[in-house]
Amino acid sequence: MTEKGKSHGRLLIGATAKPRELIEDRPALARAWTARIITLFPQVFPGVLGASLTGKALDEGLWQLDTVDLRPFGIGKHRNVDDTPAGGGAGMVLRADVMGAAIDRAAQGTPEDRADWPLIYLSPRGRPFDQAMAQRFGWARGLTLICGRFEGLDQRVIDHYGIEEVSMGDFVMTGGEIAAQALIDATVRLLPGVLGNEASAQEESFASGLLEHPQYTRPAEWRGHAIPTVLMSGHHGKIAEWRREQSKELTKERRPDLWQAVCCDKLNQDEN
Ligand SMILES: C[S@@+](CC[C@H](N)C(=O)[O-])C[C@H]1O[C@@H](n2cnc3c(N)ncnc32)[C@H](O)[C@@H]1O
């Protein structure tokens, strides 16, 4: 499954059996966290990831993006990637033989240990994506993301490769590409050096299990609404206390599931 490359400084040089049309024009960067994406629409990447902090980090080589176009793996003159569902029903299903070949190609040069390189299918049936997952993916060397289309992927591929299914929420999109970009964005911003201010990732929503407190900035008064006085007091202790309280209240009100998890954790810590 693996095909080791030689590292020459930042550039990774290795033999490849990729057809010409599957080779990215950027040289691979050794050690940079990598998102490898199997998709029918490689042209939609990097998309929004090319903007702002993730785009700057991509340009600086803090992470890299490889797309594997599914179409060339398709069958016959028309490179068909899908077929009708076994047992009948609406829509089309991505073929196991086509996706299997693309996954094998995407696995080249990646570690076999899934902890180092998760293999993920974006799917509404998956485990809901969260900050802990983003952190876990960021600790890996990279990951491979499979973007579904149509009615999704033949189940045998998911079972054969032991693919992890990850959902962006309880709604259905037409394809996995937007989900992939959301997952990559949340992960890349946790990589060292990507955020200008590392503290902001530690202080924001979910880092401590709570939602973030409200934020304000200038002007001090806007259309009759003033910034809460405590934030203008310069008293750091009181500001921190106010923010903590706001976080707790917001979490209790909007996300009782998160609040309960934080309370359970606290109870367990107190007992131990
Ligand atoms: C139309 S959906 C397929 C939905 C599938 N028939 C079902 O009912 O679960 C096509 C593709 O979009 C992607 N997708 C749609 N909604 C998603 C979500 N909430 N999270 C992650 N991926 C999603 C998946 O890759 C999926 O294979």
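This passage describes the surroundings of the ligand, together with the strands, helix and nonpolar core of the structure, which is a predicted model.

The ligand is surrounded by 19 residues, of which L122, G148, G152, G176 and A179 are the closest. When these surroundings are sorted by class, the shell comprises eight nonpolar, eight polar and three charged residues. The element that gives the most to this shell is strand 7, spanning residues 119-128, which supplies four residues.

Strand 7 is paired with two other strands. With strand 8 (residues 142-147) strand 7 pairs in the parallel sense over four bridges, and within strand 8 the residue opposite L122 is C147. Strand 7 also runs parallel to strand 9 (residues 164-167), to which it is joined by five bridges, and here P128 has S167 as its bridge partner.

The largest nonpolar core contains 45 residues, and those with the most contacts inside this core are I38, A102, I120, L122, L145 and I146. L122 is thus named both among the residues closest to the ligand and among those with the most contacts inside the core. For I120, when residues up to four places away in sequence are not counted, the contacts are L143, T144, L145, I146, I163, E164 and V166.

Helix 5, which covers residues 177-188, consists of twelve residues and reaches 16 Å from its first C-alpha to its last, close to the 16 Å expected at 1.5 Å a residue. Its buried residues are E177, A179, A180, Q181, L183, I184, T187 and V188, and A179, which is buried in this helix, is also one of the residues closest to the ligand.

Conventions:
Residues numbered from 1 in each chain as written. Predicted model: local features only at pLDDT ≥ 70, side-chain atom pairs only at ≥ 80, totals over all residues. Near = placed C-beta within 6 Å. Nonpolar A, V, L, I, M, F, W, Y, C, P; charged D, E, K, R; others polar. Expected span 1.5 Å × (residues − 1). Buried ≥ 20, exposed ≤ 12 C-beta atoms within 10 Å, placed from the backbone. Pairing = 2+ DSSP bridges. Core = buried A, V, L, I, M, F, W, Y, C linked by C-beta atoms within 7 Å. Contact = placed C-beta atoms within 7 Å.
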